[in-house]
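Here are a few exercises to work through with the model open beside you. Try each task before reading its solution.

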Amino acid sequence: MYYLNKNIKNLSRIFDQNERKDYLRLDLNENPGGLPEEFINRVLKKVTPQLISQYPETLHFTEVLADHLKTDINHICLVNGSAEGIRYIIQAFTSENGKIVGVVPSYFMFQVYSGMYGRNFVKITYDNDLSMNIGNIISELTNDTQLLVLLNPNNPMGNVYSDKEFEKIMEVCRKKQITILIDEAYHYFYPKTFIKYALNERHVFITRTFSKLFSMAGCRLGYVVGHPEDVKMVQKLCTPHNTNAFAMLIAEEILNTPGLLDSLITKFNEGRKYLIESLEQNEYRHKGDAGNFIFIEPKTEAQVIVDKLKTEKKILIKTYPNVGELGNCLRVSIGEKQYMEIFINALLEVDKKL
């Protein structure tokens, strides 16, 4: 007989089908400039008919990545963007009606996957000053909690955790036997990492993506790091050939090109510095300590600014409601200086009180 999973029927999803080709895209935390054109041209010369026609082989790139991370391949599972790894961890390490604890707002797919599989997602909210009290997290970690989700740094709030704070959380998770997932999608923008826990302990995962600093959002590549026995469980859920050969080729070339990552980081830092200085010179309050994104408190109506930037300036940004004491904010992806100059000039033009 016909059947429809009630979790899917009741699942709330928003699919963005907007055409973004001819815009300055500062709305999805991509690198607006992308990788250097000369680098792309060099990599394209290595794309052969066989690379396209054959199923991708993952061993070589996994070895390259393991060497970059100073570990071995048994600690790594390649995935089709880190969102796929997050999905598999929730699927494998929580049960129907199982309790998942996570901070909100954050990457919304944590809640989507929880709903998809019938899990109980417990939300930990930020204080009004946009700080996260880890005591509020720890108080929700009970003996029936199966998974704790943290982001380092968190998208969209940009907050991070100190070593002392994280160790306090880890101590509770060990005692109560709670699996912990730390999403580090914005690693490199904020270099502090908790990967040592995933490499040296059971039931701790790190998820990362090549979409952000590596500027490969169009290629879909990420990875999960954890204890080999735990990683095996994630791998069992992977579809055959889930990571494509083109993505692995580009990622390998990035890792093997001297100075490329450093150059991307330098350009980002220059853009961030320029943006923050410009905002402060023009008396805009902002929030976003880490990551490649920032909240900006507008002087007029946030949605009106977003609409005007899109229609009049061909710039895409987002609004975000009720951002603590900042209220309804603009959410802007940070890129290199030339793009931040375009954005600031446009913002000052459209965000004017009559």
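**Exercise 1.** In which sense do strand β10 and β13 pair, and over how many bridges?

*Solution.* Before starting, note that this is a predicted model, in which local features need pLDDT of at least 70 and side-chain atom pairs count only at pLDDT 80 or more, while totals for chains, interfaces and linings use all residues. Residues are numbered from 1 along each chain as its sequence is written, and side-chain values use heavy atoms, with hydrogens and water left out.

Step 1: find the strands, which are DSSP runs of E with at least two residues, numbered from the N terminus, just as helices are runs of H or I with at least four. β10 covers residues 293-296, and β13 covers residues 329-333.

Step 2: check the pairing, which requires that DSSP finds at least two bridges between two strands. β10 and β13 are antiparallel, with four bridges. One of the bridge partners is Val332 in β13, matched with Ile294.

**Exercise 2.** Place β13 in its sheet and say which strands stand at the edges.

*Solution.* Step 1: on the other pairing, β12 is joined to β13 by three bridges, again antiparallel; here Thr319 stands opposite Leu330.

Step 2: the open sheet has four strands in the order β9-β10-β13-β12, paired antiparallel. β9 (286-287) and β12 (318-320) are the edge strands, each with a single partner, so one side of each has no neighbour in the sheet.

**Exercise 3.** Which residues of β13 lie on each side, and are they buried or exposed?

*Solution.* Step 1: recall that side chains in a regular strand alternate between the two faces of the sheet.

Step 2: sort the residues. Cys329, Arg331 and Ser333 lie on one side, Leu330 and Val332 on the other, and all are buried. Buried means under 20% relative accessible area, exposed over 50%, and partly exposed in between (1.4 Å probe, protein chains only). Cys329, for example, has 0%.

**Exercise 4.** Describe the surroundings of Ser114.

*Solution.* Step 1: Ser114 sits in helix α6 (residues 109-116), and its 1% relative accessibility makes it buried.

Step 2: its side chain reaches the backbone oxygen of Phe110 at 2.8 Å.

Step 3: leaving aside neighbours within four places in sequence, Ser114 is in contact (heavy atoms within 4.5 Å) with Ile90, Ile100, Arg119 and Phe121.

**Exercise 5.** Why does Cys219 form no disulfide?

*Solution.* Step 1: a disulfide is counted when two cysteine sulfur atoms are within 2.5 Å.

Step 2: the closest cysteine sulfur to that of Cys219 belongs to Cys238, 18 Å away, which is too far for a bond. The whole structure has zero disulfides.

Terms used: Polar contact = N/O pair within 3.5 Å; in protein donor to acceptor, adjacent residues only side chain to side chain.
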